[in-house]
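I opened this notebook to record what I looked up in one protein model. The entries concern confidence, a pocket and a surface patch.

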Amino acid sequence: MNWSNGIIIDVANFLQPDCFYLETNKRIFNAIVDMADKKMPVDIVALASKRCAEPAYIAELTDVVSSGKNWEFYAKKVKGYYVARELNRTVEELKNEIEQAICGGKIEEEIVNIADKASRRTAEIADSVGASTRVKLLRDIMPRICDRLDYAIKHPGELIGIDSGLKNLNAYTS
């Protein structure tokens, strides 16, 4: 492993230490970025001297990622696993909050707060991968949804949305 400082800076701009699951990998990442910031060469010997991980583990990593040529492939993989872990953690937290609200008999009062938290947290996670422009907060789209539902109630049988070209299907879905 002998990566150029330019590649390391690119990786550091794409990933954060929290993207790594193992604390050892977070320490290694921080040590590599620190060395690159100081314009130090990054290789196995220099990295081992930072005592961020066992030398054998660092050597093992170099067998997996031997050069910086495919850094983007590996960085996207790390980021993808990070997003999956964060989404899973968020789902578990929300599930627990919903269960507590149900058991406490307060689901009606709490569901809006839980939905808003889900929306915010999902937007934060999407922002971490640069997808926030595709994620909308529930509080931002709820007025439009309510307006459309109100219109549908006041105009029964009227087509709302896109005409499928099939009258029976339109009646069923509108």
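My entries follow, beginning with the ground rules.

**Ground rules.** I worked from a predicted model, in which local features need pLDDT of at least 70, side-chain atom pairs count only at pLDDT 80 or more, and totals for chains, interfaces and linings use all residues. Residues are numbered from 1 along each chain as its sequence is written, and side-chain values use heavy atoms, with hydrogens and water left out.

**Confidence.** I looked up pLDDT, the predictor's confidence in each residue, from 0 to 100. The protein chain averages 81, and 83% of the residues score at least 70. Among the elements (DSSP runs numbered from the N terminus: helices, H or I, of at least four residues, and strands, E, of at least two), helix H2 (residues 23-37) has the highest mean pLDDT, 92, and helix H8 (residues 167-173) the lowest, 66. I noted that where pLDDT is low, the predicted coordinates should not be read in detail.

**Pocket.** I then turned to the largest pocket (on a 1 Å grid over the protein atoms alone, an open set of points where a 1.4 Å probe fits, with protein on both sides within 12 Å along at least five of seven lines; lining residues have an atom within 4 Å of a point). Its lining has 27 residues, and Phe20, Leu61, Val65, Tyr74 and Val78 lie nearest the centre. Helices H1 (5-14), H2, H4 (55-64) and H5 (71-103) each give two or more residues to this lining. H5 gives the most, with 7 residues.

**A residue in H5.** I located Ile102 in helix H5.
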